[in-house]
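Here's a quick briefing to read alongside the model. Have the viewer open and follow the bullets topic by topic.

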Amino acid sequence: ATNVIVWIGANGGSGSNYGGGGGGAAKGTLGNKNGGNGASGLVSVTYEGLPEPCSASSTSGTYFINRVSVEGAVTDFNNDGTGYTPGGYNDYSVSHIAEQIPGGGLNIRVILSGGTQYLSAWIDWNQDGDFSDPGENIYSVAIGFISTYFGVVVPPETSPGLYKIRIRSRQGSSTISPCGSYSDGETEDYLLRVVADCPALI
């Protein structure tokens with residue numbers, strides 16, 4: 001399973017990443033945070049699991065995704081200048097997480113590199129790892145481009161939780177599957193965390 005790891009500093013001095021120190025610093029994966037003060041240096045670990053997504057790859061690094069950003073969400077992200085990942089796939093779902101409420105929108109910007117390409121995007125709304133269910137293909141276009149900007153609304157009935165976003169480019173054809181291998185293009189995965197809306201609206 002794909003796990004997002006959240007380190008919580010229960011007691012301790014100063015942790016190097018998420019977590020506490022004291023008896024020993026805790027090292028996590030989501031950024032630098034200091035722990036609280038105390039003596040025991042205990043660490044609590046929470047796993048939020050998702051199924052391993054279907055595999056996607058490419059064999060040539062000429063055409064690839066160079067930037068993906070999310071704007072207009074509760075929490076945005078910008079992943080710029082990524083270059084080509086050997087094998088044509090990279091999972092950024094630990095380091096780049098967007099947050100939005102049910103019924104809220106996401107604006108997604110994608111910049112490609114190497115020349116004109118086609119693009120498709122999916123969100124795994126039912127969390128089964130295949131991106132092939134009705135409503136999961138959130139963007140496809142039969143016109144090649146280098147830069148695009150598109151939007152998606154989180155379905156109002158979506159439960160709070162974690163949902164994989166998959167973005168895939170291809171140079172040779174506008175027909176793009178979320179899984180499998182192509183000779184060119186690139187696939188990148190990100191994460192959407194759907195959070196409960198505030199019940200008290202002003």
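**The disulfide and its cysteines**

Cys54 counts as buried, since its relative accessibility is 17% and the cut-off for buried is under 20%. Keep in mind that this is a predicted model. Cys54 is half of a disulfide with Cys179, so let's begin with that bond and then go on to the cores, the aromatic rings and a few side-chain details.

- The structure holds one disulfide. In it, the sulfur atoms of Cys54 and Cys179 are 1.9 Å apart.
- What is the handedness of this disulfide? The torsion about the S-S bond is about -70°, so the disulfide is left-handed.
- Cys54 sits in the loop between strand S2 (43–50) and strand S3 (56–58), while Cys179 sits in the loop between strand S12 (161–170) and strand S13 (180–182). The pair therefore ties together parts that are 125 residues apart in sequence.
- Cys179 has a relative accessible area of 23%, so this partner is partly exposed.
- Cys198 is partly exposed too, with a relative accessibility of 44%.

**Nonpolar cores**

- As background, nonpolar side chains in soluble globular proteins tend to be buried together.
- The largest nonpolar core here has 27 residues. Ile108, Val110, Ile138, Ile167 and Leu192 are the ones with the most contacts inside it.
- Which elements give two or more residues to this core? They are strand S4 (64–71), strand S8 (105–113), S9, S10, strand S11 (147–153), S12 and strand S14 (187–194).
- S8 gives the most to the core, with four residues.
- A second, separate core has five residues, and Cys54, Phe131, Ile176 and Tyr182 are among them. So Cys54 turns up both in this core and in the disulfide, where it ties distant parts of the chain together.
- For a look at the surroundings of one well-connected residue, pick Ile138. Leaving aside residues up to four places away in sequence, Ile138 touches Ile108, Ala121, Trp122, Ile123, Trp125, Phe150 and Val152.

**Aromatic pairs**

- A pair of aromatic rings is described by two things, the distance of the centres and the angle of the planes.
- There are five aromatic pairs in the count.
- Tyr92 and Tyr190 make a stacked pair, 5.4 Å centre to centre with 15° between the planes.
- Tyr92 lies in the loop between strand S6 (89–91) and S7, and Tyr190 lies in strand S14, so this pair ties together parts that are 98 residues apart in sequence.
- Both rings belong to buried residues: Tyr92 has a relative accessible area of 12%, and Tyr190 has one of 1%.
- Tyr139 and Phe150 are stacked as well, at 4.1 Å centre to centre and 10° between the planes. Tyr139 is in strand S10 and Phe150 in strand S11, 11 residues apart.
- Tyr139 is buried at 15% relative accessible area, and Phe150 is buried at 6%. Phe150 is also one of the residues that Ile138 touches.
- Phe77 joins Tyr92 and Tyr190 in one aromatic cluster.

**Charged side chains**

- What does the charged end of Arg170 sit over? That would be the ring of Tyr182, with 3.7 Å to the ring centre. Tyr182 is the residue already met in the second core.
- Glu99 lies in strand S7 (residues 97–100), and its side chain makes a polar contact with the side chain of Arg193 at 3.0 Å.
- Not counting residues up to four places away in sequence, Glu99 touches Ala73, Val74, Thr75, Leu192, Arg193 and Val195. Leu192 in that list is also one of the best-connected residues of the largest core.

**Positive phi in one loop**

- Where is Gln127? Gln127 lies in the loop between strand S9 (118–123) and strand S10 (137–140), and Phe131 is found in the loop between S9 and S10 as well.
- Gln127 has a phi near 60°, a positive value in a residue other than glycine. Phe131 also has a positive phi, of about 60°, although it is not a glycine.
- Buried or partly exposed: which is Gln127? Gln127 counts as partly exposed at 31% relative accessibility, whereas Phe131 is buried with a relative accessible area of 2%.

Technical notes
Residues are numbered from 1 along each chain as its sequence is written. This is a predicted model: local features need pLDDT of at least 70, side-chain atom pairs count only at pLDDT 80 or more; totals for chains, interfaces and linings use all residues. Side-chain values use heavy atoms; hydrogens and water are left out. Buried means under 20% relative accessible area, exposed over 50%, partly exposed in between (1.4 Å probe, protein chains only). A disulfide is a pair of cysteine sulfur atoms within 2.5 Å. A nonpolar core is a set of buried Ala, Val, Leu, Ile, Met, Phe, Trp, Tyr and Cys residues joined through side-chain atoms within 4.5 Å. Contact means heavy atoms within 4.5 Å. A polar contact is a pair of N or O atoms within 3.5 Å; within protein, one must be able to donate a hydrogen and the other to accept it, and residues adjacent in sequence count only if both atoms are side-chain atoms. Rings of Phe, Tyr and Trp (its six-membered ring) pair if their centres lie within 6.5 Å; planes under 30 degrees apart count as stacked, over 60 as edge-to-face and the rest as tilted. A charge sits over a ring if NZ of Lys or CZ of Arg is within 6 Å of the ring centre and within 35 degrees of the ring normal.
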